[in-house]
Every structure is written in C-alpha cells, then in structure tokens.
Amino acid sequence: MEIVIVPDAAAGGELIAAAIADLLIRKPDALLGVATGSTPLPIYEALATKVRETDLDVSRARICQLDEYVGLPKGHPESYRSVVLREVVEPLGLTESSFMGPDGSAEDIAAACLAYDQALAAAGGVDLQLLGIGTDGHIGFNEPCSSLASRTRIKTLTERTRVDNARFFNNLDEVPHHVITQGIGTILEARHLVLLATGEGKADAVALTVEGPVSAVVPASALQLHPHATVVVDEAAASGLKLADYFRATWAAKPSWQSI
Ligand code: PGA
C-alpha cells in the first residue's frame, strides 16, 4: 500500500486527477469506478478542469458506480446514480451511455446485485476504483464486519453512516437503511484502488486501515491485500499515522518516472 500525504484536499484531488488522466491516455476506454460523498469532489473538479483546459480526451472513458441506496425512487436527486451523473458524468461531457450502476429501485434486489457484478466483469473489470472511507472504516457501503470476500449485495447502514449522510437529505428519517454496494471482494478486483481521505474526522479510520491488522471490522483494511492500492490523505487525516514521517520520506524520494 502506498500512502501519500498531501497538504490539503485540493492537492489530493490534483494528484488523483493526474493519475486518472495518465490512465486515460494509456487506455482511452478505461473503466473508472467512482465514489460519492464530499471527499472525491476535488478529484472531479480537477479532472473536469483538465478536460476544459488541456487536450485530455475523456470521450471514450466509461464510468461505474460503487454503491447505491435501496428504495429511493428512480431519478431521486440523492440516489447515487443521480449524484454521479451530476458530479462526474455531465461535467466530463459524457452521457448516461458511458455509465453503469446497480439498480437500487429494482424489485428483485438480489438479481440486480448479481447482474451488476456480471456487468462489471463483462466490461473487462474496473481499471481504477476511487474510494472514500467512512468514519466507521467502511469502503463503498461495506460496513464493519462485512466479509472480505463479499460480492455486490444488499447491506444495512450503521446508524453512524446514516447520521453522517443525513446532511444530503432533509432529515435523518429520509436516509435509507438499505443500500447496494460492490462487495469487498468485488472492489479488490479493480486493477488500481485509490482511496482519498481528508479531515480530522477520518484520522482514526485511516490509522486503523493503514497500520492496523487486516480485519473485517475495519473494511478499508482490506486494501492491504491489494497489490496496487494508493491511500491519499491530507495532513489532518494523516494525523493518527505513526509512520507518517516514513511515508513522507518515501514519497519525497520517489523516482519521477513512477506515478501513483
Ligand atoms: P464522505 O463519505 O466523503 O462524504 O466523508 C465517505 C464515505 O462514506 O465513503
């Protein structure tokens, strides 16, 4: 696992957007797995700026969703499908035809989960998966004690996650209890995992993820099992890391030809 400590969220967004741009130059039709929440917004802003201001061509990029609420009506502004279309797909000048995600309003949720895992595999797998981290250590919506081998399936949100996400709704009662999420086993199949965490509220979860044991109780610690996982953290989110100085020195001494 590579840990990169950046001064602030904007620098994290720039670094990760540059890695996505490099990927799309190497592989113009790459499948990019995106995350929702507040943390990844600087990545999407930096990427959209590159599209506007450079000759980066993202027209063949494909975008896929990490997780989705269950039970919100189709087109609900806070369904993650709507959020990804609004925050990622449209600003990049792409359309829904470049986008895939699980159907959180399906009558048969189990079938929708299976269909999504199959669709990801049929698309050739995810090239780069962006991840946030919950204050409880979740990735996607894999809450504590999710199987490290799990596939896309329905999960029940912890109360902590519902409270964390209530800011996107009118009140806590509106936050769904159930979600579809790519499983941890599904996420680990992506070729490159890039987790961004910013702010002091994520410091404990980051420290457990990076320096704690691999454990289902901290789902993000499964990144330790991946051969190409990058954890980008700002100073506040890095504040619980015992090896922070080592991570800084490693990054500073990294050969310029190596990207994240
Ligand atoms: P946040 O969400 O970026 O809004 O903090 C992260 C997550 O829950 O994965």
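Let me start in the middle of the fold, with strand E9, residues 192-197, and strand E10, residues 229-234, which run parallel and are joined by five bridges. If you want one pair to look at in the viewer, take Leu195, whose bridge partner in E10 is Val231. I should say at once that what we are looking at is a predicted model, and please keep that in mind throughout.

These two strands belong to an open sheet of seven strands, ordered E1-E10-E9-E6-E2-E3-E5, in which the pairing is parallel. At the edges of that sheet stand strand E1, residues 2-6, and strand E5, residues 99-100, and because each has a single partner strand, one side of each is left without a neighbour in the sheet.

There is also an open sheet of three strands, with the order E4-E8-E7, and here the pairing is antiparallel. Its edges are strand E4, residues 67-69, and strand E7, residues 153-156, each again with a single partner strand, so that one side of each lacks a neighbour in the sheet. On average, and ignoring direction, neighbouring strands of this sheet are turned by 30° against each other. Within it, E4 pairs with strand E8, residues 178-181, in the antiparallel sense over three bridges, and the partner of Asp67 in E8 is Thr181.

Now to the helices, and to one packed pair. Two packed helices are described by the angle between their axes and by the distance between those axes. For helix H1, residues 9-26, and helix H2, residues 41-53, the axes come within 7 Å and cross at roughly 55°. An angle of that kind falls in none of the parallel, antiparallel or perpendicular ranges, and H1 and H2 are therefore oblique to each other. The crossing of H1 and H2 is right-handed.

Which residues in H1 meet H2? They are Ala9, Ala10, Gly13, Glu14, Ile16, Ala17, Ala18, Ile20 and Ala21, and on the H2 side they meet Pro42, Ile43, Ala46, Leu47 and Lys50. Sorted by character, the residues of this contact divide into eleven nonpolar, one polar and two charged.

Let me close with the chain as a whole, which has eight helices and ten strands. Its radius of gyration is 17 Å, close to the 18 Å that the globule rule gives for 260 residues, so the protein chain is as compact as a globular protein of that length. Along its principal axes, the C-alpha trace spans about 55 × 40 × 35 Å.

Methods. Residues numbered from 1 in each chain as written. Predicted model: local features only at pLDDT ≥ 70, side-chain atom pairs only at ≥ 80, totals over all residues. Heavy atoms only, no water. Axes fitted to C-alpha atoms, helices over the stretch in contact; angles between N-to-C directions. Helix = DSSP H or I, 4+ residues; strand = E, 2+ residues; numbered from the N terminus. Parallel < 35°, antiparallel > 145°, perpendicular 65-115°, else oblique. Left-handed = near helix turned anticlockwise from the far one by under 90°. Contact = heavy atoms within 4.5 Å. Nonpolar A, V, L, I, M, F, W, Y, C, P; charged D, E, K, R; others polar. Pairing = 2+ DSSP bridges. Rg over C-alpha atoms; globule rule 2.2 N^0.38 Å.
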